[in-house]
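Please open the model in your viewer and keep the selection tool at hand. The tour below goes from stop to stop, saying what to select and what is found there.

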Amino acid sequence: MRYFAFVAVLCAIGGLDCARAETVAIHATKIYPAPDKPTIADGVVVIRDGKITAVGPRNRVKIPKDARVSECSGVVTAGFQNSHVHFTERIWDDASSQPAKDLERHLEAMLTRYGFTTVFDTGSDGANTIALRTRIQNGGVRGPRILTVGLPLYPPDGIPSYINDLPPELLAKMHLPRTVEDARADVRANLAAGADATKLFLHTSPGQGVVTRMSAEVARAAAEETHARSKLVFSHPTSVEGVRTAITAGVDILVHTTLGEKAPWDAELMRQMTAKKMSVIPTFKLWKYELRKDGAPEEVIDKLIGATLQELRNFISAGGQVLFGTDVGYMHEYDPTDEYVYMAQANMTPMQILASLTTAPAERWKEDQRRGRLVPSADADLVVLAGDPADDVRNFAQVRCTIRDGKPIYRAP
Ligand SMILES: [Zn+2]
């Protein structure tokens, strides 16, 4: 009791950030409590102490007298997760000592202005990314919750050519396990250093015409070691062969579809993937970005992406789980609008896209009791959109405010 009285005095004299203790009401033209629940028109979400306390129509929710009405209003959904990002651009260097305002500017440009309250970094200098995460956790930097795979595992001599331009000191730290024992030791070292998952490159091209593969035994050992610590395994498959290795190894999440194969994934492959509950992050916009960089003609781009769109349609029809992700950070174009448009072209409904951003990752990370839905007692992670994604999926990227743990981490100018 005495502590709270002391806090109240500090709040009164304005010497302490008392935002967490404040009750805030956010008015909404429409609320999407969850993709599988009816929407609420003319609603309100009440938050306090980083949690949601009430959600409902304005004429039914009793708003506490001391509540402050947020200046932000619009279409409200749960906070988004981007399950495929990278903190590898030079702008993140020296995250432990960079001025907070610079880091906040970068985080806003890449992530929070698009509604991401949780992001999964699928490969970076783990120590630097964890330093960034720590500063956000300690309240010194406004930003999303960051989860990371730390340093990925590659086949021996298998650093892909497209990341050869990373700093040499970072390349020197990469894990390239040759044996089952190496793989287990690499996974243990990575997780002990603070990583939240393991990422396996199963099939890489270190140079023109050169292909390297991680053996099924090495991949399986890495996956077992990770699962023994109740963590998930991500994989970059590159090819259908890589997808097959991922299935045998027990990989949980594919960070891409595959591009340039003769035919989309067949029914048997799909059956095995869904039987193993493997999730897929499509990264359609990345394919366009990469193909354009290579100077591919537009009709070739359309044909190749068309095949991956069909792949995703088949995967969803087979009952597969899709997680939203863009590879932003590796991809220097930050705006996710094109990804939403491609997902709609893969016949995903706006509510299926919302699920890939909210409930699907919450369930995949076994956090569905506390996030992914706007329900009382859930974390106050919210996005306020300027338009309704049911009218146009591009509205998923039209963000007015992003709120994490009850605190604003982005507000549109
Ligand atoms: Zn990536």
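Helices (H or I, at least four residues) and strands (E, at least two) are DSSP runs, numbered from the N terminus. This is a predicted model, in which local features need pLDDT of at least 70 and side-chain atom pairs count only at pLDDT 80 or more, while totals for chains, interfaces and linings use all residues. Residues are numbered from 1 along each chain as its sequence is written, and side-chain values use heavy atoms, with hydrogens and water left out.

**The largest pocket**

Select β9 (197–201), β10 (203–207) and α9 (284–293), each of which supplies at least two residues of the lining of the largest pocket. A pocket, on a 1 Å grid over the protein atoms alone, is an open set of points where a 1.4 Å probe fits, with protein on both sides within 12 Å along at least five of seven lines, and lining residues have an atom within 4 Å of a point. The volume of the largest pocket is about 1200 Å³, where a volume is the space filled by probe spheres set on the grid points, which are joined across faces, edges and corners. To find its centre, add Pro 160, Tyr 162, Ile 163, Glu 290 and Tyr 330, which lie nearest to it among the 45 lining residues. Helix α9 gives the largest share of this lining, six residues.

**The zinc ion**

Move next to the zinc ion, which is coordinated by His 84 (NE2), His 86 (NE2) and Asp 327 (OD) at 2.0 to 2.2 Å. Donors are N, O and S atoms within 2.8 Å of the metal (3.2 Å for Na, K and Ca), and since water is not among the atoms, sites may look incomplete. His 86 lies in the loop between β6 (80–85) and α2 (100–110) and Asp 327 in the loop between β15 (321–322) and α11 (337–345), so this pair ties together parts that are 241 residues apart in sequence. Both His 86 and Asp 327 are buried (under 20% relative accessible area, with exposed over 50% and partly exposed in between, for a 1.4 Å probe and protein chains only).

**The disulfide**

Finally, select Cys 72 and Cys 401, which form a disulfide with their sulfur atoms 1.9 Å apart; the term stands for a pair of cysteine sulfur atoms within 2.5 Å. Cys 72 sits in the loop between β4 (68–69) and β5 (74–78) and Cys 401 in strand β17 (residues 399–404), so the pair ties together parts that are 329 residues apart in sequence. Cys 72 is buried, at 5% relative accessible area, and Cys 401 is buried at 3%.
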